[in-house]
Amino acid sequence: MTAKGLDVRLERAQERYERAVFGGDAQVLDEAERDLAGLEADVALARGRILHARFLDTGLEDAAELTLFERAAQLYRELGDARGEGESLFWVGTVHQVIRQDQATATPAFVRARELATAAGDELTLSYVLRHLCFGELAVGRVDEARELLTESTRLRRKLSFDAGVAANLIGLAYLAASDGDQNAARGLLDEAAGLAADCGAHGVANWVGAAREELGLSKTQGGEADSTRVEFAGSE
């Protein structure tokens, strides 16, 4: 008995159940358990991301978010899936950094996520991790290190044609340029970010560009007095 539209891992679990019960081959049950653990990890990670998006919309934390990401990381670790574990640990770090404002707890998760994503060749997750490590460097005043991390994140995102992510990073680089007193560079970065956001339909990022222009006193054609001492930008993208 099977159902259409099932994830292939659920279909295999059903088949292995039948082989064990009707065919007497109980050895296939371990394979079924592994498939289902992978499915559970994928669902936990996806559900955690949905809850994070809700947080970004409402500003209200759902305690289940961290639990889901930690569960995903544990399952991927047990499965030997470095890519999945690295991505999950990135989100564990993000909960602590973005939602709970706890950089000390976030940093070890990001450091391990960076190691795993690098080993797995997962450049997209690595670009996220580097962006958030940048925030950590800024929190302790290491602006040069922060710029280096964000620049590398942006390079990876350009390579992957992740235009919305590039635009988000360019906003951060604009803040850093403004902190150096280079308003022309900051304005150019924001203009590029706005163009990329418009081209890929990233309306949320376009709104961030507008907010950055207002905060930095920069328009597309006229400059204002940017605050050269305050560098503050964040977000999970």
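1. Contact here means heavy atoms within 4.5 Å. On that basis, among contacts in the protein between residues at least 6 apart in sequence, 56% join residues at least 24 apart. The model under review is predicted, and the remarks below should be read accordingly.

2. Overall architecture. The secondary structure comprises 10 helices and zero strands. Read along the sequence, the pattern is therefore α-α-α-α-α-α-α-α-α-α, each helix or strand being a DSSP run numbered from the N terminus. The C-alpha trace spans about 75 × 35 × 35 Å along its principal axes. As one illustration of separation within the model, Glu148 and Ala20 lie 55 Å apart in space, C-alpha to C-alpha, and 128 residues apart in sequence. Glu148 belongs to helix H7 and is exposed, its relative accessible area being 59%.

3. Burial and surface. Of the 237 residues in the protein, 44% are buried. The protein exposes about 12,300 Å², and carbon and sulfur atoms supply 50% of that area. One nonpolar surface patch, of about 350 Å², is made by Tyr17, Val21 and Phe22. Tyr17 is found in helix H1, which covers residues 8-23. Its relative accessible area is 42%. Because patch residues must have over 30% relative accessible area, Tyr17 passes that criterion while still counting as partly exposed.

4. Charge balance. The protein carries 26 positive and 41 negative side chains. The centres of the two sets lie 2 Å apart. Side chains of opposite charge can pair when their charged atoms come close. A search of the whole structure finds 20 salt bridges, and three of these pairs are discussed in the points that follow.

5. The Arg16 pair. Which residue meets the side chain of Arg16 in a salt bridge at 2.8 Å, N to O? The partner is Asp35. The pair links distant parts of the chain, since Arg16 lies in helix H1 and Asp35 in helix H2 (residues 28-58), 19 residues apart. Arg16 is buried, and Asp35 is buried as well. The two residues also belong to a network of salt bridges that links Arg12, Arg16, Glu31 and Asp35.

6. The Glu87 pair. Glu87 forms a salt bridge with Arg83, and the closest N and O atoms are 2.8 Å apart. Why are Glu87 and Arg83 separated by about one helical turn? The two residues are four apart in helix H4 (residues 82-99), so about one helical turn lies between them. Glu87 is buried at a relative accessible area of 16%, whereas Arg83 is partly exposed at 35%. The assignment for Glu87 follows because its value is under the 20% limit for buried residues.

7. The Asp180 pair. Asp180 forms a salt bridge with Arg147, with the closest N and O atoms 2.5 Å apart. Asp180 lies in the loop between helix H8 (163-179) and helix H9 (183-200), and Arg147 lies in helix H7 (residues 143-159), so the pair ties together parts that are 33 residues apart in sequence. Asp180 is exposed, with a relative accessible area of 52%. Arg147 is partly exposed, with a relative accessible area of 23%.

8. Backbone geometry. Most residues other than glycine have a negative phi, and most peptide bonds are trans. Two residues merit a remark on this account. Gln101 has a phi near 55°, a positive value in a residue other than glycine. Gln101 is found in the loop between H4 and helix H5 (103-120), and is exposed at a relative accessible area of 63%. Ser161 likewise has a positive phi in a residue other than glycine, near 60°. Ser161 is placed in the loop between H7 and H8. At 56% relative accessibility, Ser161 counts as exposed because the value is over the 50% limit.

How values were computed:
Residues are numbered from 1 along each chain as its sequence is written. This is a predicted model: local features need pLDDT of at least 70, side-chain atom pairs count only at pLDDT 80 or more; totals for chains, interfaces and linings use all residues. Side-chain values use heavy atoms; hydrogens and water are left out. Patches are made of residues with over 30% relative accessible area and no salt bridge: like charges are joined within 9 Å, nonpolar side chains (Val, Leu, Ile, Met, Phe, Trp, Tyr) within 5 Å. Accessible areas come from the Shrake-Rupley method with a 1.4 Å probe; for residues, only the protein chains shown count as cover. A salt bridge is a side-chain nitrogen of Lys or Arg within 4 Å of a carboxyl oxygen of Asp or Glu. Buried means under 20% relative accessible area, exposed over 50%, partly exposed in between (1.4 Å probe, protein chains only). Lys and Arg count as positive and Asp and Glu as negative; His and the chain ends are not counted. The place of a charge is taken as NZ of Lys, CZ of Arg, CG of Asp or CD of Glu.
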